[in-house]
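Thank you all for coming; I would like to walk you through one structure this morning, slowly and from the inside outwards. Please keep the picture in view while I talk.

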Amino acid sequence: MATSPPLRIDVLTLFPEMFPGVLGSSILKRAAEPVVNPADPNDIRQPVVSYHVTDIRDYAGNKHQKVDQPSFGGGPGMVIQCQPVWDAVQAVEAQDDRPATRILLTPQGEPLTQPIVEELAGQPRLLMIAGHYEGIDERVIEKLAPIREISVGDYVLSGGELPAMVLIDAVVRLLPGALGHQDSAHHDSFSPGAQRLLDHPHYTRPRTWEGMEAPEVLLSGNHAKIEAWREAEARKRTEERRPDLLGDAPQ
Ligand code: 9D3
């Protein structure tokens, strides 16, 4: 079977030190590593992703590495200048032949949803720019068109780095071969095929804990009955907690 080359993900940031812990753990770590099957040393699973985190400050072009200035028109906070962002994008894009889908993480962006994640997981290369401070000079955003502006929700964070990590996590777990137990991504609520329901509750051993019993049906061995119970619980929870998911409106 022919395998596609790993998805290349670039991140441009003023805080590169925020990334190694997240990219170096769990599924995001494993997805970037080759794995040898001990039963068959010729069966080497190639990495499905590679991460490249770049410090925008490296492109400041001045000896103080300064990349921000006060906002024209006044007001609090600093604005990241065009030139370091532009130069960093040009340098990083030249490191690979494939065109990058450019993404700016910004509170002004389109709210992130699973369909957007799926679309991005189908691209060969993603370049994410994480803003900080009050934002980035609008002229470089305009010059970087086409660029997708994405938000992770209506609450205020201090920068685009955590949103970039959220997006990376959501994308990478969809890449074929990224997950340990194959196919669990397909069971997700919010996947296109899946019904848009919250998950049912889960239980494991011991059967009794602190006087609380696990539901009898789950121990019955009757798989049809278990499936029906889980479906009913999922519906009940969705109606109670997220009735918006049961309407016709997207997300
Ligand atoms: C308090 C500052 N705000 C003045 C109205 C503007 C503002 C600027 C920069 C608010 C947040 C930020 C930093 N946040 C992001 O860069 C960001 C973000 C977010 O804050 N929430 C949800 N998604 C995202 S994606 C990037």
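Let me begin with a question: how many bridges join strand S7 to strand S8, and do the two run parallel or antiparallel? There are 5 bridges between strand S7, residues 101-111, and strand S8, residues 125-130, and the two strands run parallel. I should say at once that this is a predicted model, and that every value I mention has been computed from it.

Within that pairing, Thr101 stands opposite Leu126 in S8, while Leu104 has Ile129 of S8 as its bridge partner. S8 is also joined to S1 by 5 bridges, again with the strands running parallel, and here Arg8 has Arg125 of S8 as its bridge partner.

These pairings belong to an open sheet of 5 strands, which follow the order S4-S1-S8-S7-S10 with parallel pairing. At the edges we find strand S4, residues 49-55, and strand S10, residues 147-151, each of which pairs on one side only. If we ignore direction, neighbouring strands of this sheet are turned by 30 degrees against each other on average.

Let me stay with S8 a little longer, and ask how many of its residues are buried. The count is 6 of 6, so to speak a strand that is mostly covered. Its two faces are both covered, with Arg125, Leu127 and Ile129 buried on one side, and Leu126, Met128 and Ala130 buried on the other.

Met128 brings us to the largest nonpolar core, which has 28 residues, and in which Ile9, Met128, Leu167, Ile168 and Val172 are the residues with the most contacts. At least two residues of this core are supplied by each of strand S1 (7-13), helix H2 (26-31), S4, S7, helix H4 (114-121), S8 and helix H6 (161-172). Of these contributions, the largest share is that of H6, with 7 residues.

At the edge of the sheet, strand S4 also holds His52, and you may wonder whether this residue counts as buried, exposed or partly exposed. His52 counts as partly exposed, because its relative accessibility is 26%. From His52 to Gln81 there are 29 residues in sequence, and the distance between their C-alpha atoms is 22 Å.

Now to the other sheet I want to show you, which is open, has 3 strands in the order S5-S6-S9, and has mixed pairing. Strand S5, residues 68-70, and S9 stand at its edges with a single partner strand each, so one side of each is left without a neighbour in the sheet. Strand S6, residues 78-80, is joined to S9 by 2 bridges, and these two strands run parallel; Ile80 has Ile136 of S9 as its bridge partner.

Between strand S9 (135-136) and helix H5 (138-143) there is a loop in which we find Asp137. Asp137 counts as buried because its relative accessible area is 17%, where the limit for buried is under 20%. The side chains of Asp137 and Arg139 are joined by a polar contact of 2.6 Å.

I will turn to two of the helices. Helix H3, residues 82-93, has 12 residues, which should span 16 Å at 1.5 Å a residue, and its end C-alpha atoms are indeed 16 Å apart. Its buried residues are Cys82, Pro84, Val85, Ala88, Val89, Val92 and Glu93.

Helix H7, residues 223-241, has 19 residues and reaches 27 Å from its first C-alpha to its last, close to the 27 Å expected at 1.5 Å a residue. Which residues of H7 are buried? They are Ile226, Trp229, Glu233, Ala234 and Thr238, and they lie on the same side of H7 because they cover an arc of only 165 degrees around the axis. As a general point, an α-helix has 3.6 residues a turn, so residues three or four places apart point the same way. The face of H7 turned away from the buried side carries the exposed residues Ala224 and Glu239. At the start of H7, a side-chain oxygen of Asn222 comes to within 3.3 Å of the backbone nitrogen of Ala224.

Finally, a view of the whole: the chain has 7 helices and 12 strands, and buried residues make up 36% of its 251 residues. Its C-alpha atoms fill a box of roughly 70 × 50 × 35 Å, taken along the principal axes.

Key
Residues are numbered from 1 along each chain as its sequence is written. This is a predicted model: local features need pLDDT of at least 70, side-chain atom pairs count only at pLDDT 80 or more; totals for chains, interfaces and linings use all residues. Side-chain values use heavy atoms; hydrogens and water are left out. Helices (H or I, at least four residues) and strands (E, at least two) are DSSP runs, numbered from the N terminus. The expected span of a helix is 1.5 Å times one less than its number of residues. Buried means under 20% relative accessible area, exposed over 50%, partly exposed in between (1.4 Å probe, protein chains only). The arc is that of the directions from the helix axis to the C-beta atoms. A polar contact is a pair of N or O atoms within 3.5 Å; within protein, one must be able to donate a hydrogen and the other to accept it, and residues adjacent in sequence count only if both atoms are side-chain atoms. Two strands pair if DSSP finds at least two bridges between them. Axes are lines fitted to C-alpha atoms, for helices over the stretch in contact, and angles run from 0 to 180 degrees between N-to-C directions. A nonpolar core is a set of buried Ala, Val, Leu, Ile, Met, Phe, Trp, Tyr and Cys residues joined through side-chain atoms within 4.5 Å.
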